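Reader: I've never read a protein structure before. Could you walk me through one?

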Amino acid sequence: MVVPHRFQSNYEEKMYRTGDLVILREDSDYDFVGRRDSQIKSRGYRIELGEIEAALLSHPAVKEVAVVAVPDEEVSNRIKAIVAPHNGAALTASHLQQHCAQRVPRYMIPELIEFRESLPKTTTGKLDRVLLASSR
């Protein structure tokens, strides 16, 4: 999306809303610090982690899931899913990978799948992605 450049309102200059988060340096250049959404790049593909989460959540035995990027020098990021199954549900990583293969392209299938009883939550009850990212 093209919008007016909010840091230079006296000019007709435009800027793009790409989802990238940057810091404006003193020399008027930008430093990339991350993304506003959960889009990553892996093996040259742009991947929205929420799409993978939706595919995994469509499995009837999955109670909650979080998908994170694990930095990797070879492929830039590997995809890891942290899954909490419903009580007593017997799930395997290969079973969930097959389930994903029917819903997303092959490059979006998580290579790593970790099972937990539950996923960490913030004090407001939302998924604590900061804690999940630090426990990679």
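Author: Sure, let's begin with the surface. The protein exposes about 9300 Å², and 50% of that comes from carbon and sulfur atoms. Keep in mind that this is a predicted model.

Reader: And what share of the 136 residues is buried?

Author: Buried here means under 20% relative accessible area. Of the 136 residues in the protein, 33% are buried.

Reader: How many helices and strands are there?

Author: The protein has 3 helices and 9 strands. Read from the N terminus, the order is β-β-β-β-β-β-α-β-β-α-β-α.

Reader: Let's zoom in on two strands. In which sense do S5 and S6 pair?

Author: Strand S5 covers residues 39-42 and strand S6 covers residues 45-48; they pair in the antiparallel sense, over 4 bridges. For one facing pair, look at Ile-40, which stands opposite Ile-47 in S6.

Reader: How many residues lie between S5 and S6 in the hairpin?

Author: There are 2 residues between them, and Arg-43 in the turn has a positive phi of about 55 degrees.

Reader: Now a helix, please. Which residues of H1 are buried?

Author: Helix H1 spans residues 49-57, and its buried residues are Leu-49, Ile-52, Glu-53, Ala-55 and Leu-56.

Reader: Why are they on the same side of H1?

Author: Because they cover an arc of only 160 degrees around the axis.

Reader: Last one: what about contacts between residues at least 6 apart in sequence?

Author: Among those contacts in the protein, 43% join residues at least 24 apart.

Notes:
Residues are numbered from 1 along each chain as its sequence is written. This is a predicted model: local features need pLDDT of at least 70, side-chain atom pairs count only at pLDDT 80 or more; totals for chains, interfaces and linings use all residues. Side-chain values use heavy atoms; hydrogens and water are left out. Two strands pair if DSSP finds at least two bridges between them. Buried means under 20% relative accessible area, exposed over 50%, partly exposed in between (1.4 Å probe, protein chains only). Contact means heavy atoms within 4.5 Å. Accessible areas come from the Shrake-Rupley method with a 1.4 Å probe; for residues, only the protein chains shown count as cover. The arc is that of the directions from the helix axis to the C-beta atoms.
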